[in-house]
Amino acid sequence: MLSNFYKKFVKWLCMYNLYEDSPGKKTLMMGNIAVARGAIEAGVQVVTGYPGTPATETLEALSKVAGKAGIYVEVSTNEKVAVEIASAAAISNLRALVIMKQVGLNVASDIANVINLSGCNGGLVIYIADDVGPLVSQNEQDTRIYSRLMHLPCLEPSTPQEAKDMIKYAFEISENYKIPVILRSTLRLSHMSSSVTLGKINISRNKPNFVKDINRYLVLDFIARSEHEALHKKINKIKADAEKNPFNILKIKGEKNLGIITSGLCYLYVEETLKHCGLQDQVSVLKLSFSYPLPTGLILKFLQNVKYVLIVEEVEPVLENEIKAISFDNNKKVMVSKVFGRNSGHLPWAGEINLIHIAKALSKISNTELHLTPDIYQKYGEIEKLAPPRYLSFCAGCPHLATFYAMRKALMQQGYKENEWVVAGDIGCYGIAPFSAVKMMDTSFCMGSSIGLACGFKLALKDTPVIAVIGDSTFYHSGISGIVNAMWNTKGIVIVVMDNKTTAMTGHQPNPGVSIRIDGSESKPIDIADVIKGLGIKFIEIVDPYNVKKTKDIIIKALKYVSERSEPAVIITRRECAILSLREKRKSGQRITPFFVDEDKCIGCRICTQFYGCLALGWDKNIKKAFIDPKSCMGCSVCSQICPSKAIIKKEESN
Amino acid sequence: MKTTEFNIAIAGVGGQGVTLLARILGNAAIKEGLSVRIGEVYGASQRGGSVVSHIRFGENAFSPIIPNGRADVLLGLEVSEAARRIRALKPNGLVILNVYKIDPVEVKTGLSEYPSISRLVNAFKLITDQIITVNATDIATDLGDVRLSNIVLLGVLAGLSVLPISIKTLRQSIWGNVPLAMRNLNMKAFKIGFNLRNP
Ligand SMILES: Cc1ncc(C[n+]2csc(CCOP(=O)(O)OP(=O)(O)O)c2C)c(N)n1
């Protein structure tokens with residue numbers, strides 16, 4: 001069923017020349033795909049990770065050539081497990097790559113903060129895509145700060161070409177020094193496409209080999225201390241590589257006044273600003289390839305040549321603060337008198353950097369006027385404001401939407417008012433709920449957190465009904481530990497697991513609840529209900545959210561159950577993601593019979609559009625009746641069940 | 001052909017084929033030895049969200065994002081989406097609009113208003129006189145597949161002879177980047193678009 005979709009995907013990837021062995025060929029590649037290609041060129045053997053924008057495409061791309069390239073690729077249950085698997089593989093001398101988005105490292109930080117001590121034998125590279133802005137995440141945390149905490153070398157490419165080449169270099173550093181290496185990207189680079197020149201694919205493979213050594217792999221207190229010291233020595237040695245490698249760029253220009261130090265994609269913003277302002281021959285530039293450890297020698301050389309230096313980086317003032325320290329320590333040697341950046345207030349200390357920010361900072365530092373944009377902003381605004389907002393919305397027929405509708409109905413039917421319940425949300429497509437017509441969900445923090453939060457809300461607000469909602473992928477990722485806690489520490493909360501049989505938000509990657517893994521191989525699905533039963537939880541109901549009344553009744557039953565005892569009740573609302581089922585229906589040639597609104601019966605109450613709000617529903621303001629767009633309708637029947645005047649019917653029922 | 005900087009912003013709704021156009025233009029540029037940078041803002045594209053691609057040619061285009069007011073062309077696959085991305089356009093830059101609207105949910109459910117298409121089209125005159133409107137969706141529907149509207153618009157753009165890429169390379173790139181079974185139809189759509197301004 002999914003195989004057709006995969007075939008199409010493979011074809012699409014071939015266009016990216018992912019596994020083509022033609023060194024020297026120039027091809028259009030997205031940053032994430034270039035990372036995948038670089039890993040193949042480096043002879044990677046084991047790839048693990050967990051999906052998350054903006055890093056997902058690398059994991060997907062590698063999974064599609066896994067068989068052909070002889071690479072093991074898996075979607076792990078979460079980022080911590082992913083790092084653990086890759087660590088053991090790399091300790092056993094294999095080359096391993098872990099892929100995740102920035103917040104994934106929070107989950108993986110426990111193991112990453114120990115594996116740094118024992119190190120690896122085969123290369124171990126962790127590819128992390130940060131989301132500056134943030135544009136698609138809950139925060140814009142800066143991985144470069146973790147690299148300092150963990151003492152892991154951190155490389156920052158500026159272009160897709162560098163991303164491809166640097167990942168090979170990262171494997172070299174990792175194997176030379178037996179240390180895991182972080183390759184850090186940001187969303188704009190991960191999703192940017194440009195010309196990439198292919199390199200040779202390394203077909204030699206490391207031989208698996210585990211040499212027991214408790215002084216290295218048994219990281220206990222007394223071992224950790226000496227390993228910590230050893231780690232610092234490694235980092236000091238790696239500084240030599242940070243000083244000298246083909247990815248650093250040093251340009252000394254002009255009157256020896258003004259210089260910019262930068263890293264990653266910001267280098268492109270810097271070059272473009274200088275070009276547009278005509279300052280390319282006046283401002284010196286240093287682009288760093290390692291953001292940890294910093295090449296002190298190279299930085300000093302730069303600081304000896306400029307008087308003022310602006311640090312352009314995303315997103316925390318990491319380089320800025322360390323470069324300030326370097327110039328302070330060497331104040332006799334350097335010419336620089338001031339270091340500016342996000343900390344000094346010359347650049348904003350949140351969000352993405354753009355050319356205007358850089359030009360403004362340069363203007364301020366050099367006391368000159370620099371102009372970058374046309375002075376007709378107001379007119380632009382007048383056109384812009386005509387565009388109606390296009391918020392994220394639930395897809396037509398989304399089972400999550402139906403669940404939330406039934407949930408609100410159940411709570412209201414039990415006599416609760418809006419401010420008398422708490423719905424602790426989680427991370428996934430269901431996060432759209434508060435911005436949709438159903439307007440449900442009061443909190444959203446990080447993956448798996450809904451259940452622990454619900455336990456805490458119950459503790460604080462004893463008589464308030466508390467519901468946790470969590471998706472299937474998130475349940476396996478980090479929800480299980482919360483449920484165990486709710487049961488053992490006896491919390492009367494309702495847990496709704498929205499089981500749409502996929503990881504929808506990040507583009508439909510498989511999770512342990514399905515039978516086909518990301519590389520197309522088969523596995524035995526793990527049923528969420530079985531897991532819950534195993535914990536001794538007695539209230540477990542599985543319901544199809546497309547059945548509105550039944551779903552509502554079960555939620556009411558669960559609310560009553562938890563109000564009478566201190567024990568969680570679990571409801572699994574199970575229905576495949578509407579996009580996936582639509583895709584399958586189209587492939588297998590099944591016809592979808594849309595519903596329609598019988599205008600004679602529609603009383604114009606707007607319950608369907610204002611309290612449910614499926615994407616396929618509309619409101620005709622001329623005749624004051626609802627209508628259904630037959631092209632978007634999935635035929636799920638939910639709206640027909642909620643219509644009080646039975647005006648929504650299926651096409652065939654009408655005759 | 002040579003250029004030091006040429007920028008195209010393509011705006012539309014997820015599913016309209018914004019990213020395919022970017023790929024066609026990007027591959028064509030590489031074939032001609034032109035430096036290219038493409039930046040895409042998506043994520044919600046699968047779900048009918050707002051999508052924009054920035055395609056940048058020439059060695060002075062460094063970053064994947066077109067700085068405000070530097071796009072030579074704004075190609076709108078949907079009218080309000082073009083309005084949303086107007087900030088990219090140069091004063092008096094070229095706007096090519098598909099006279100077609102896709103209502104967001106809030107509009108469908110009556111909670112928000114979609115201005116009339118003529119009002120939207122007229123608003124672009126505040127910034128530029130170079131506005132070209134095309135009924136690309138109608139043409140594509142007549143050809144048998146609404147998804148071809150993006151290629152019709154690409155044809156219109158190519159017909160105006162402003163691109164730093166030869167028509168031949170562009171045609172080859174379409175051929176190489178669309179599904180095999182759709183090649184001939186796509187070439188037809190391109191030709192119709194091309195001839196609209198180049199009879
Ligand atoms: C630690 C962490 N890893 C990855 C992500 C990216 N992410 C956001 S939502 C999501 C998927 C959620 O899937 P599921 O819970 O099944 O809900 P669905 O989208 O299918 O409704 C992922 C992986 C994240 N936010 N945090």
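# Close-up views of a predicted two-chain model

**View 1. A sheet shared by two chains.** Eight strands line up here as an open sheet of mixed pairing, in the order β1(A)-β8(A)-β2(B)-β3(B)-β1(B)-β4(B)-β5(B)-β6(B). At the edges sit β1 (26-30) of chain A and β6 (131-134) of chain B, each pairing on one side only. Going from one strand to the next, the twist averages 20°. Keep in mind that this is a predicted model. Strands of a sheet pair through backbone hydrogen bonds, either parallel or antiparallel. For a parallel example, look at β4 (residues 71-76) and β5 (residues 89-98) of chain B, joined by five bridges. If you want one spot to zoom in on, B:L75 stands opposite B:I96 in β5(B).

**View 2. A loop in chain B, with B:G15 in it.** Follow chain B from β1 (6-13) towards α1 (18-31), and the loop between them holds B:G15. Is B:G15 buried or exposed? With a relative accessible area of 70%, B:G15 is exposed. Now find B:G49: along the chain it is 34 residues apart from B:G15, yet the C-alpha atoms of the two are separated by 8.9 Å.

**View 3. Two helices side by side in chain A.** Two packed helices are described by the angle between their axes and the distance between the axes. For helix α2 (residues 31-41) and helix α7 (residues 160-177) of chain A, the angle is about 30° and the axes are 7 Å apart. That angle makes α2(A) roughly parallel to α7(A). The crossing of α2(A) past α7(A) is right-handed. On the α2(A) side, the contact is made by A:G31, A:A34, A:V35, A:R37, A:G38, A:A39 and A:E41, while α7(A) brings A:P160, A:A163, A:K164, A:I167 and A:K168. What kinds of residues make up the contact of α2(A) with α7(A)? There are six nonpolar, two polar and four charged ones. Helix α2(A) also ties in with View 1: it lies across β1 and β8 (192-197) of chain A, running at about 115° to β1(A).

**View 4. A parallel sheet in chain A.** Here five strands form an open sheet, in the order β15-β16-β17-β19-β18 (chain A), with parallel pairing. The edge strands, each pairing on one side only, are β15 (422-424) and β18 (539-543) of chain A. Neighbouring strands are turned by 20° against each other on average, direction ignored. Two helices of chain A lie over strands of this sheet. One is α16 (residues 399-413), which lies across β15, β16 (466-471), β17 (494-499) and β19 of chain A and runs at about 160° to β17(A). Another is α18 (residues 472-488), lying across β16 and β17 of chain A at about 140° to β16(A).

**View 5. Zooming in on strand β19 of chain A.** Why call β19(A) largely enclosed by the rest of the structure? Because five of its six residues are buried. Strand β19 (residues 569-574) runs parallel to β18(A), with five bridges joining the two. Across that pairing, A:I540 stands opposite A:V570, and A:E541 stands opposite A:I571. With β17(A), β19(A) pairs in the parallel sense over six bridges. One of the pairs to look for is A:M498 and its bridge partner A:T573.

**View 6. Helix α21 of chain A and what follows.** Start at helix α21 (residues 578-587), where A:A578, A:I579, A:L580 and A:S581 are buried. The buried residues of α21(A) pack against α16 of chain A, the helix you met in View 4. Just after α21(A) comes A:G589, with a positive phi of about 75°.

**View 7. Some backbone oddities in chain A.** Most residues other than glycine have a negative phi, and most peptide bonds are trans. The bond joining A:T53 and A:P54 is cis, with omega about 10°; A:P54 is in the loop between β2 (46-49) and α3 (56-69) of chain A. Another cis bond runs from A:Y292 to A:P293, with omega near -10°, and A:P293 is in the loop between β12 (290-292) and α12 (296-303) of chain A. As for phi, A:N93 is not a glycine but has a positive value of about 80°. You can find A:N93 between α4 (79-91) and β4 (96-101) of chain A, in the loop, and it is partly exposed at 23% relative accessible area. A:K624 is not a glycine either, and has a positive phi of about 55°. Its place is in the loop between β21 (617-620) and β22 (625-628) of chain A, and A:K624 counts as exposed at 54% relative accessibility.

Technical notes: Residues numbered from 1 in each chain as written. Chains lettered and ligands numbered in written order. Predicted model: local features only at pLDDT ≥ 70, side-chain atom pairs only at ≥ 80, totals over all residues. Heavy atoms only, no water. Pairing = 2+ DSSP bridges. Axes fitted to C-alpha atoms, helices over the stretch in contact; angles between N-to-C directions. Contact = heavy atoms within 4.5 Å. Buried < 20%, exposed > 50% of the residue type's maximum accessible area, 1.4 Å probe, protein only. Parallel < 35°, antiparallel > 145°, perpendicular 65-115°, else oblique. Left-handed = near helix turned anticlockwise from the far one by under 90°. Nonpolar A, V, L, I, M, F, W, Y, C, P; charged D, E, K, R; others polar.
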